[in-house]
Amino acid sequence: MEENFEPKILAYVCNWCTYAGADLTGTSRIKYASNVRIVRFPCTGRIDYNLLLKAFALGADGVIVSGCHPNDCHYTSGNFHARRRWIVFRQMMEYMGIDMRRIKFSWVSAAEGAKWADIVNTTVKEIRELGPAKEFSTMNKEVTI
Amino acid sequence: MLQSSHHEDPSLAGLVWTKTGISVERCYQCGKCSAGCPAASEMDLTPSVVLRHLQTRDADSEKKVLSSYSIWLCLACQTCIARCPMEVDLPKVMDVLRIESLHRHLVHPKAKDIVSFHTSFINTIKRFGRLWEIGLIGEYKVRTGHFLQDVAVAPVMFLKGKLSLVPELHRKFVRKIFAAKERA
Amino acid sequence: MKIGLYPGCSMDGSSREYQESLRAIAPKISLELEDVKEWNCCGASSAHAIDHALSLALPAKILAQAEAQQMKELAVPCAACYNRLASTKVELAEDEAMRMKVAKMVDLPYTGATSVKNILDVLTPLLTPEVVKTFPATFPHKVVCYYGCLLVRPKSVMHHTRMEDPMEMDELMKRIGATPLEWSMKTECCGASFSITRTDIVGTLGMNILEDATMRGAEAIIVACPMCHSNLDMRRTEIEKVSGKKYSIPILYITQAIGLALGCSPQQLGLQRHFVPAKIEAKLKVQQTTPAAAAVS
Amino acid sequence: MSRIGVFICHCGENIGATVDCEKVAKTCACLPGVEHSVDYKYMCSEPGQSLIREAIKEKKLDGVVVAACSPRMHEPTFRKACAEMGMNPFLCEMANLREHCSWVHAKGDATTEKAIDLVSMMVEKVKRNKPLNPIKVPVTKTALVIGGGIAGIQASLDIANAGQKVILIEKEPSIGGHMAQLSETFPTLDCSQCILTPRMVEVAQHPNITLYTYAELESLDGFIGNFKARIRKKAKSIDETLCTGCGVCTTACPLKKNPSEFNMGLGTRGAIYVPFPQAVPNKPVIDRTKCTYFKTGKCKLCLTKCPAGAITYDQQDEIIEVPVGSVVVTTGFNVTGTDFFSEYGYGKYKDVVNGLQFERLLSASGPTLGEVKRPSDGTVPKKIVFIACAGSRDPAKGIDYCSKICCMYTAKHAMLYKHKVHDGDATVFYMDIRAAGKGYDEFVRRAIEEDHVNYIRGRVSRIFERNGKLIVRGADTLLGAQPVEIEADMVVLATAGISNPGSEELAQKMHISYDKYHFFSEAHPKVRPVETNTAGIFLAGACQSPKDIPDTVGQASAAASKVLALFSRDELTREPVIAVVNRTAPPLFSTCVGCFMCQTACPYGAISREEIKARDGKILKTVASVNPGLCQGCGTCVAFCKSKSIDLQGFSNEQVYAEVMELLS
């Protein structure tokens, strides 16, 4: 694994819980690794898992998907749909040769600022150990959506 | 638990923290311990007052506690901790205070008897491995000078077969322990 | 049932009758006792007062010895010893550093594998209604059950669900035909180790207990702790000195009460050793003919 | 080629100190499509905003990215600023440089790099933003009030008197709640029922209030302005339309010995009963768990005796569904159970009672008609000990908080007792006296100075019985915590106020949050005290935390005013973040293939089938279509759509993919 490798990590989060939670991390001034870039969605239910493929296709080293805890979804059931679809998708991604350790699925509520910092830091640490994602480096960057 | 506040705390409260992990700050002085303590009426400082003194972290207050009779009157009956709303384990605190009081030679004059009893007890165990009543009472009387105490009871005990005149010797069972204790 | 036994010092001395009565009833309720070898004093109420490490090392030695004898369960009839052993187990389980320190002192492998049982833990499962049915006699007396401190406290060690109002002893007494009375001193302190140093305190606390028991018309106080027993029995004169009243109520070990129901003689149960004469008898069941021992075996 | 304006905010030191804002602005200036890029100390300030407004005018911008704090903070501010210049507000996006960057990372290039990424990502998004128009949804102008205590009564009356409709549901047979049980109220000592019952009657008679007693919320769906509530009307076993409330049945019922809930078990009631004389409605219900007929099929005495023929044994629970625009939760509180204080012999000694029980003993309508008598033998207690903080502020018993009302009602109890039993002796054990409130501390002083209530600072360790007396072992912490022993005839425990059983389930039904003690949580402890975090649902009274009557009434009126503010509008405007099914020219009409996966995914049933017909009415194609009123914009349907025909405005596939691709380019 190469020296001082800085992983590129995307975070797909829902607006009501995890995005707000990450805001709380900020307001409570908890520091975490700057490798992560947050993409905001209204709900985890909105997250199309093609977006994960796209991310890896374009050279992301890891992706975090995070939303409201079960039963706390702002839209009552979006996060359940996300989880259900995820179960189906992960097999497909494994089949496609994506290292599942590069994908973190978690629940972070608007009150869990510290937990968010935690998740980011552990993910960054783990991905560092895994090294850069090579699986898709050869693949054509223009995956159709 | 106010763990951080005990960081490098030289006070007696700090000692209690390091020895037992009990934070005296937990106590909000409701007095439930003093209310239930079977020995409270005999005490110069009631249990909650002892804790209050610790909270002050004031040298004189701490001296007052260590030289108090109370810490020796604690029966370790556990009534206080059983009912304490803040779950401050007073009996454990008392153990720490007693040991520290001995350590700093601040034992209350009236508590000498009690200390003598404990010491005699430990010595009996050290010598015989088990308790030997006559040995214990004997040493206790020598230490305290209460020669006439229990002259009435002892013979009856003997007659009822509750006292053996000669000790059984089980010293070897505890030799290692006391040796280690000495070394420490 | 086979179980380890740690008698403890008092049961060899001042509370000899407790041990005698236990050993007397054991075979009759198919309880097989295996003594811990080379046992030492648990440090009682003195060790912890002046030397913390020692107060853990002494019980740890006993527990280690029991482990060496592959005892899964260790019966500790003396409530005081039981409390020391149980507390030690908990503290050593929680405090790694202390466990190391104590291990050095004891110089015997200690893992905490042996579980510690008090007399009530041991008797309750044995004296099922079916078993008691076969007893030759009943103990038809009004009694109060005195648990004292050490069987129920502290919470962190005993995890007792009815700390303020325990019922195990009352239940056992009911089973042998006694009438356990509701009273207020079940778990009050008797003065414990002050029986020698502060007899006056023992006097006052003892008085409260005897007063409440007699006031409620109890014929006997049932105990499971040598310290409680000696304070209430041997220290009767001191108690009476404080209260200025005479109390005739006898103090019985739970094993003695059960022994009487099992048809043991007062001698076997060591009743004659009490300071306060225990003139209290069991009532033979008329229909009961088969000898208890045979019946239960 | 788009003309985007980028505005980097320093937020004073908050961003400026960590992120090199100038560099960010410079770098972003070179991004394709960026026409204008500046940084400024405070973008949200008036000069900051006018900076944006002028740029929009001069540079003819068609998109704006403000890189500052979280959009959850200032998105409305900046969108408004843009709108003022005639730009569609939804062409303005924010990059979160504060909460997600400067506050969580150390100063340095990496952090500035991230800032640049976040901005350019938003630039790419904005390029693809479409002008959107806010959506209007109608407001159902009926409020559902859950719980008929003083809070529910107050809220209902306020809303109803303002001319709006109210549905009030109460799970007990009568409204009134705990206040109806109280004797007199601190600090004025006016009779509780005298001030409450007129309001109870007003509720029953109010043309705008529909009252359902013996009813509970079954489920709640929908959203602000448009909830759908299902209410279970438990079978009362009487026909309310026929029942005249004459009371013959209750006197006829042979089972008189059931403990009365209203009298806290100190009085009794029949199996068919009216909870208390002033009950509203003053009509009985049959307690099927007690009634002999429901157990054995025999008795039927009430049936035979009822002159109105109103007894209906075969009545079933009824579930009704009502549309409501808003909900006010006023379910109140409870007090700790009897098993809670073994050391105080609570539940074992008859004469150790809790505060609510003592209220009943003091109340003129109570089981003793207002005479203080011992529950055990009916004698008048000459010595009463009151224990404050019985369970409150007691982490060992799992209740860390202060119940707030006990100090005051304990003082009141002691005072009223002294007024009724002049030679009586009242002692209060307390830890602190918390009498913050108008006339409150004066009230406590009066109890101490004028009524000579004996206050001892210390907690009681144990209570036990000796010769029919209750021995109370306490300590006086102001005298070195020396033990105090009192021989009392009666003991009153100011037991902790706790949340009602089942409040957790109720909260989940309504999707509102609750704390670890199962009290409902307000949206903000300071500035949104009566809102919940679910729009359109409000809180009042002790269901949020224990509180006294004035606080409760105040909160209830506050909640009512929130409801009325909502009802003052005929429709609500919502962010147009909703799903749309694309439409194309014939013959395709839409890429939608009509699989209707979206329909199964939608939590709001907002998606329906739409038939595209030819002129002759022949159905050409059936596609999905979204009801903008119902769609909440979660976008679950978008993720489900195989043909990518349904998309979410504001979070369109085009937009989010652009963001991702920009980040990884």
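Trainee: In which strand of chain D is D:Ala68 found?

Mentor: D:Ala68 belongs to strand S3 of chain D, residues 63–68. Strands are DSSP runs of E with at least two residues, helices are runs of H or I with at least four, and both are numbered from the N terminus. The model is a predicted one, in which local features need pLDDT of at least 70, side-chain atom pairs count only at pLDDT 80 or more, and totals for chains, interfaces and linings use all residues. Residues are numbered from 1 along each chain as its sequence is written, while chains are lettered from A and ligands numbered from 1 in the order in which they are written.

Trainee: Does the environment of a residue have a number attached? Why does D:Ala68 count as buried or exposed?

Mentor: One counts the other C-beta atoms, placed from the backbone, within 10 Å of the residue's own: 20 or more means buried, 12 or fewer exposed, and anything in between partly exposed. D:Ala68 has 28 such neighbours and therefore counts as buried.

Trainee: Which residues does D:Ala68 touch, leaving aside those up to four places away in sequence?

Mentor: Contact is judged by C-beta atoms, placed from the backbone, lying within 7 Å of each other. On that basis D:Ala68 touches D:Cys9, D:Cys11, D:Met43, D:Cys44, D:His74, D:Met94, D:Leu97 and D:Arg98. In addition, the C-alpha atoms of D:Ala68 and D:Ala95 are 6.3 Å apart in space, although these residues stand 27 apart in sequence.

Trainee: What is the order of the strands in the sheet that contains S3(D)?

Mentor: A sheet is read from its pairings; two strands pair if DSSP finds at least two bridges between them. Here four strands form an open sheet in the order S2-S1-S3-S4 of chain D, with parallel pairing. Strand S2 (34–40) and strand S4 (92–96) of chain D are at the edges with a single partner strand each, so one side of each lacks a neighbour in the sheet. On average, neighbouring strands are turned by 15° against each other, direction ignored. In the interior, five bridges join strand S1 (residues 4–9) of chain D to S3(D), and these two run parallel. D:Ile4, for instance, stands opposite D:Gly63 in S3(D).

Trainee: Which helix lies across S1, S2, S3 and S4 of chain D?

Mentor: Directions are compared through axes, lines fitted to C-alpha atoms (for helices over the stretch in contact), with angles from 0 to 180 degrees between N-to-C directions. H6(D) lies across the four strands and runs at about 155° to S3(D). Helix H4 (residues 71–84) of chain D also packs on the sheet, touching S3 and S4 of chain D, and its direction makes about 150° with that of S4(D).

Trainee: How many residues does H6(D) have, and what distance does it reach?

Mentor: The expected span of a helix is 1.5 Å times one less than its number of residues. Helix H6 of chain D, residues 109–127, has 19 residues and reaches 27 Å from first to last C-alpha, close to the expected 27 Å. Of those 19 residues, 15 are buried, so H6(D) is largely enclosed by the rest of the structure.

Trainee: At what angle do helix H7 and helix H16 of chain D pack?

Mentor: Two packed helices are described by the angle between their axes and the distance between the axes. Helix H7 (residues 150–161) and helix H16 (residues 549–567) of chain D pack at about 35°, with their axes 8 Å apart. Their crossing is right-handed; the term applies when the near helix is turned clockwise from the far one by less than a right angle, and left-handed when anticlockwise. The residues of this contact divide into 11 nonpolar, four polar and one charged. Asp, Glu, Lys and Arg count as charged; Ala, Val, Leu, Ile, Met, Phe, Trp, Tyr, Cys and Pro as nonpolar; and the others, Gly among them, as polar.

Trainee: How many residues does the contact take from chain D and from chain A?

Mentor: The contact takes 36 residues from chain D and 37 residues from chain A. H19(D) gives the largest share of the chain D side, eight residues. By class, that side holds 19 nonpolar, 11 polar and six charged residues.

Trainee: How many residues does chain B bring to its contact with chain C?

Mentor: Chain B brings 42 residues, and chain C brings 42 residues. Seven residues of the chain B side come from H8(B), the largest share. That side has 25 nonpolar, seven polar and 10 charged residues. Chain B itself comprises 11 helices and zero strands, and 49% of its 184 residues count as buried. By contrast, chain A and chain B do not touch, their nearest C-alpha atoms being 19 Å apart.

Definitions and conventions:
Two residues are in contact if their C-beta atoms, placed from the backbone, lie within 7 Å.
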